[in-house]
Amino acid sequence: MSHEWVKPGADIAVYVEYINQNGSPPDDSDKMEYKLIGARNFGAWNVTANLIAEKTIQNAAKHEFSWTACTTYAITPRWKVGLEIK
């Protein structure tokens, strides 16, 4: 199934977010979050995966990596059911 992702029709997005924390120490450090998002439709099914990297800016913390994956099924054009895992 991995060859299906490289065919035309796969959606790829890059997402960058700056998070301005206005809390008290140690949570007052600003963060950058980067996401690489891939999605593909297989008939009524949609499969989406997010690769996530987060970096605290004001200290020497390393990048934190995580991921999420989701699949949905279109019951009708307006109604979908799905499952997300982290």
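Before I turn to the strands, one definition: two strands count as paired if DSSP finds at least two bridges between them. With that in hand, and keeping in mind that what we are looking at is a predicted model, we can take the end of the chain as our way in, where β4 and β5 are joined by 6 bridges and run antiparallel. These two strands form a hairpin, with 5 residues between them, and within the pairing tyrosine 73 stands opposite valine 81 in β5.

Let me step back to the whole chain for a moment. The secondary structure comes to 0 helices and 5 strands, so that, by the definition of helices and strands as DSSP runs, reading along the sequence gives the pattern β-β-β-β-β. Of the 86 residues in the protein chain, 19% are buried, and the accessible surface comes to about 6600 Å², with 59% of that belonging to carbon and sulfur atoms. As for how the chain meets itself, if we take the contacts between residues at least 6 apart in sequence, 31% of them join residues at least 24 apart.

Now back to β4, which covers residues 64–74 and holds threonine 68. Is threonine 68 buried or exposed? Its relative accessible area is 9%, and because buried means under 20%, threonine 68 counts as buried. Leaving aside residues up to four places away in sequence, threonine 68 touches Thr48, Ala49, Asn50 and Ile52, and also Glu84, Ile85 and Lys86.

The partner strand, β5, gives another picture, since β5 is hardly covered, and the count of buried residues among its 6 residues is 0. This brings me to the surface, where a nonpolar patch of about 930 Å² is made by Ile12, Val14, Val16, Tyr34, Leu36, Leu51, Trp67, Leu83 and Ile85. Which strands supply at least two residues each to the nonpolar patch? They are β1, residues 11–19, β2, residues 31–42, and β5, residues 80–85. The largest share, 3 residues, comes from β1, and valine 16, one of the patch residues, has its place in that strand.

Let me move on to β3, which spans residues 45–56 and includes threonine 56. Threonine 56 is buried, with a relative accessible area of 11%, and, again not counting residues up to four places away in sequence, it touches Ser29, Asp30, Lys31 and Ala61.

Lysine 31 leads us to the last topic, the charged pairs. In general, side chains of opposite charge can pair when their charged atoms come close. How many salt bridges does the model hold? The count comes to 2. In one of them, the side chains of glutamate 54 and lysine 31 meet at 3.5 Å, N to O, and this pair links distant parts of the chain, with glutamate 54 in strand β3 and lysine 31 in strand β2, 23 residues apart. Lysine 31 is partly exposed, at a relative accessible area of 21%.

There is also a salt bridge between the side chains of glutamate 33 and lysine 35, at 3.8 Å, N to O. Here glutamate 33 is buried, with a relative accessible area of 12%, whereas lysine 35 is partly exposed, at 23%.

How values were computed:
Residues are numbered from 1 along each chain as its sequence is written. This is a predicted model: local features need pLDDT of at least 70, side-chain atom pairs count only at pLDDT 80 or more; totals for chains, interfaces and linings use all residues. Side-chain values use heavy atoms; hydrogens and water are left out. Helices (H or I, at least four residues) and strands (E, at least two) are DSSP runs, numbered from the N terminus. Buried means under 20% relative accessible area, exposed over 50%, partly exposed in between (1.4 Å probe, protein chains only). Contact means heavy atoms within 4.5 Å. Accessible areas come from the Shrake-Rupley method with a 1.4 Å probe; for residues, only the protein chains shown count as cover. Patches are made of residues with over 30% relative accessible area and no salt bridge: like charges are joined within 9 Å, nonpolar side chains (Val, Leu, Ile, Met, Phe, Trp, Tyr) within 5 Å. A salt bridge is a side-chain nitrogen of Lys or Arg within 4 Å of a carboxyl oxygen of Asp or Glu.
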